[in-house]
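Please open the structure in your viewer and keep the selection panel at hand. The tour moves from the whole chain to pairs of helices and then to a single residue.

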Amino acid sequence: MALLVVGCTPQPTTSTSSQTGAPPTTAFSPTDVAWIQLMIPMAERAQRLTDLAPSRTASPAVAALAAKTGARLHQDQKHLRELLKLSGVPDTRLHEGHNMPGMVSLTTIEKAGTVTGKAFDQLLADALRAHLAQSTMLCAGEQSQGHSGKAMELAATIAKNTTAQTSRLNEVRPPQPAVPGGTMAAKS
C-alpha cells in the first residue's frame, strides 16, 4: 500500500488491530497514524506553494484558486493535527525533509520563488495537480484500510474537497497534453 512508505517505522497507537473486521472505532491503527503523519507535511508543503501565488502570479483566477486551496490546506492541517493529538502519537515530524510522490518538493518551492507570471502558474498547476492526485489516493487508502472512524471521516472529507479543488484547477489551468519526448506542450 502506498501509504506505508519504505523506511517509516510503526508508531504506537491506542488500537489493537485494524484487521479485526470490526466496524471503525475511535481507536487509531498504524494505518490511521501513518496516513495522518503523511498528510500533514503534504498539506504544509502545498500550502507553502499556494502562499507564494499573490506575489508570483499575474492571473487573478490563479491567485483566487491558490487562496482557496491554501485556506483548505490550512483547515486540513488543523484537523489532521487534532487527530494526531487524539491518537496519542507525538508529532515527531516523521516525514520532515522527505520528497515523495505528490509532495511538493523543496526544490519546487524554491523554484516557485524565482519565477513569475505564466511560468509560476504552470509550476503551481503541475505541483498542485500531483498533490491533489496523491491526496485522493491516500485518502482512498485510509477510507478502505483505516480503523478510526474519525480518521476515515476526515479522509472522506479531504477526498471530497480534493475532487472539488481539482475541478477548479482544471477550469483555471487545464492540464497540458504531453507531446512526444515526454515534455509538456507549450501553452500560449
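The stops below say what to select and what is to be found there.

**The whole chain.** Begin with everything displayed, bearing in mind that this is a predicted model. Colour the chain by secondary structure, and you should find five helices and zero strands, so ordered that the elements run α-α-α-α-α from the N terminus on. If you switch to a surface view, the accessible surface of the chain comes to about 9,500 Å², and 59% of that area belongs to carbon and sulfur atoms. Of the 188 residues in the chain, 44% are buried. Among the contacts with a separation of 6 or more, 79% are accounted for by residues 24 or more positions apart.

**Helices H1 and H4.** Next, select residues 30-56, which form helix H1, together with residues 117-145, which form helix H4. How far apart are the axes of H1 and H4, and at what angle do these helices pack? Their axes lie 10 Å apart, and the packing angle is about 165°, which makes H1 roughly antiparallel to H4. The crossing of this pair, H1 and H4, is left-handed, and the residues in the contact of H1 with H4 comprise 16 nonpolar, seven polar and three charged.

**Helices H4 and H5.** Keep H4 on display and add helix H5, residues 149-172. Here the axes of H4 and H5 come within 9 Å and cross at roughly 150°; because angles over 145 degrees count as roughly antiparallel, H4 and H5 are described as roughly antiparallel to each other. H4 passes H5 in a left-handed crossing. To see the contact itself, show side chains on both helices: the residues from H4 include Leu128, Leu132, Cys139 and Gln143, while those from H5 include Ala155, Ile158, Ala159 and Leu169. Sorted by class, the contact of H4 with H5 has eleven nonpolar, seven polar and two charged residues.

**Ala159.** Finally, centre the view on Ala159, which is found in helix H5 and is one of the residues that make the contact with H4. Is Ala159 buried or exposed? Its relative accessible area is 13%, and because buried means under 20%, Ala159 counts as buried. Leaving aside residues up to four places away in sequence, Ala159 touches Cys139 and Gln143, both of which belong to the H4 side of the contact. If you also select Ala140, the C-alpha to C-alpha distance from Ala159 is 7.5 Å, although these two residues are 19 residues apart in sequence.

Note on methods. Residues numbered from 1 in each chain as written. Predicted model: local features only at pLDDT ≥ 70, side-chain atom pairs only at ≥ 80, totals over all residues. Heavy atoms only, no water. Helix = DSSP H or I, 4+ residues; strand = E, 2+ residues; numbered from the N terminus. Buried < 20%, exposed > 50% of the residue type's maximum accessible area, 1.4 Å probe, protein only. Contact = heavy atoms within 4.5 Å. Axes fitted to C-alpha atoms, helices over the stretch in contact; angles between N-to-C directions. Parallel < 35°, antiparallel > 145°, perpendicular 65-115°, else oblique. Left-handed = near helix turned anticlockwise from the far one by under 90°. Nonpolar A, V, L, I, M, F, W, Y, C, P; charged D, E, K, R; others polar. Areas by Shrake-Rupley, 256 points an atom, 1.4 Å probe, with all protein chains shown as cover.
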